[in-house]
Amino acid sequence: MFVGPNGYGKTNLVEALWYSSTLSSHRVATDAPLVRIGAPRAVVSTIVVNDGRECAVDLEITSGRANKARLNRSPVRSAREVVGVLRAVLFAPEDLALVRGDPADRRRYLDDLATVRRPRIAAVRADYDKVLRQRTALLKTATGGRMRGDRGVLDTLDVWDGHLATHGAELMAARIELVNELAPEVVKAYSLLAPGSRTASIGYRASIDIGVLDIELLQAALLAEMARRRDAELERGVCLVGPHRDDLELRLGDQPAKGFASHGESWSMALALRLAAYELLRAEGGDPVLLLDDVFAELDAARRQALAAAAASAEQVLVTAAVADDVPRDWDATQVMIALREDDSGRVSAVQT
């Protein structure tokens, strides 16, 4: 348990571990804020023990450039190769955005979890994002009909349509399979957090009609929908079809959670999503590390107790708190006090108590 005033760097610790697990931050969408002002790069070094075997993971984060990684002190071709070494589940105040935020927040939740479970999904995400950028740039050159009659542009667009359908179908299939496995865990977790409340449910809302979960059928459906909406895409200069337009649908009873759930219900749903992810990973073998970033201060007594019960059974838990009283008193936890050094270097001093 890391205890110290706000702004002293507690979140940096769990954020660094979450980055090692998913190659993304839970606070910001880009890597630039992760590098200290005036520094050329940020470095995260972690020793992970799985089944009694130690594995060293080193990440070098450079804003605007490809990140570098080493596994057991040896360079790897891509930072994505270290994904999956550290399996973690993170709870944070930002989780409320899973219910109240934009679809992008919920898509990132699915993609991060899919990546932790199946590290190869990191490459699928990267390939899809690259194709999406290229296709969007091409559409923008033809916005308003300036180049609609250009056969070369249309032929090139056909090629990018194929790439987007290939990578998009694989990403969608991974998400849909994940949602199907998460759904019963979310129901159980929500009923634990909010007994007597409406039943929670989740579903995948796609930009295309989904029938049988088959990658080839998804590819065909994506290509057909892109052909159908090509004029609209050329007019607006944006990609209107693909997993970047999809959403994770959250419902309480017959109503969508967003806009209809109370503050307490929204927190219960957000926590249920994280608890469901934890149970899914644990069922596959080996407890993931639980990262609890100042989340107890946001919860009422009942939800604190439910989260504490789940955390108590975990193999390893890292907690941050501004004051020790925010954390359950009956926890037998090592407490580390965080303070800034007097030289104002930006470094922290940790004192174990």
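Visitor: How many residues sit between strand 8 and strand 9 in their hairpin, and what is special about Gly-253?
Guide: Two residues separate strand 8 from strand 9 in that hairpin, and Gly-253 in the turn has a positive phi of about 65°. Strands here are DSSP E runs of at least two residues and helices are H or I runs of at least four, numbered from the N terminus.

Visitor: Good. What sort of model am I looking at?
Guide: It is a predicted model, where local features need pLDDT of at least 70 and side-chain atom pairs need 80 or more, while totals for chains, interfaces and linings use all residues. Residues are numbered from 1 along each chain as its sequence is written, and side-chain values use heavy atoms, without hydrogens or water.

Visitor: Back to the hairpin. How many bridges join strand 8 to strand 9?
Guide: Two bridges join strand 8, residues 247-252, to strand 9, and the two strands run antiparallel. Arg-251 has Pro-256 in strand 9 as its bridge partner, and Leu-252 stands opposite Gln-255 of strand 9.

Visitor: And which sheet do they belong to?
Guide: They are part of an open, antiparallel sheet of three strands in the order 7-8-9. Strand 7 (200-205) and strand 9 (255-256) are the edge strands, each pairing on one side only; pairing takes at least two DSSP bridges.

Visitor: How many bridges join strand 7 to strand 8?
Guide: Strand 7 and strand 8 are antiparallel and are joined by six bridges. For example, Tyr-204 is the bridge partner of Leu-248 in strand 8.

Visitor: Which strands does helix 3 lie across?
Guide: Helix 3 lies across strand 7 and strand 8, at about 100° to strand 8. Helix 8 also packs on this sheet, touching strand 7 and strand 8, and its direction makes about 130° with that of strand 8. Contact means heavy atoms within 4.5 Å, and angles, from 0 to 180 degrees, compare N-to-C directions of axes fitted to C-alpha atoms, for helices over the stretch in contact.

Visitor: Changing topic: how many cavities of 30 Å³ or more turn up?
Guide: A search of the whole structure finds one of 30 Å³ or more, and the largest cavity has a volume of about 70 Å³. A cavity is a set of points on a 1 Å grid over the protein atoms alone where a 1.4 Å probe fits but cannot get out, and lining residues have an atom within 4 Å of a point. Points join across faces, edges and corners, and volume is the space filled by probe spheres set on them.

Visitor: What lines the largest cavity?
Guide: Its lining residues include Trp-18, Tyr-109, Asp-112, Leu-113, Arg-274 and Leu-281. Strand 6 (88-91), helix 3 (103-117) and helix 8 (263-283) each supply at least two lining residues. Helix 3 gives the most, with four residues.

Visitor: Now the other sheet. What is the order of its four strands?
Guide: The order is 2-3-4-5, in an open sheet with antiparallel pairing. Its edge strands, each paired on one side only, are strand 2 (42-50) and strand 5 (74-75). Four bridges join strand 3 (residues 53-61) to strand 4 (residues 68-71), which run antiparallel, and Val-57 has Leu-71 in strand 4 as bridge partner.

Visitor: Which helix lies across strand 2 and strand 3?
Guide: That is helix 1 (residues 10-22), which runs at about 70° to strand 2.

Visitor: What about Asn-72, any odd phi there?
Guide: Asn-72 has a positive phi of about 55° although it is not a glycine, and it sits in the loop between strand 4 and strand 5. Asp-294 is another non-glycine residue with a positive phi, near 55°, and its place is the loop between strand 10 (289-293) and helix 9 (301-312).

Conventions:
On a 1 Å grid over the protein atoms alone, a cavity is a set of points where a 1.4 Å probe fits but cannot get out, and a pocket is an open set with protein on both sides within 12 Å along at least five of seven lines; lining residues have an atom within 4 Å of a point.
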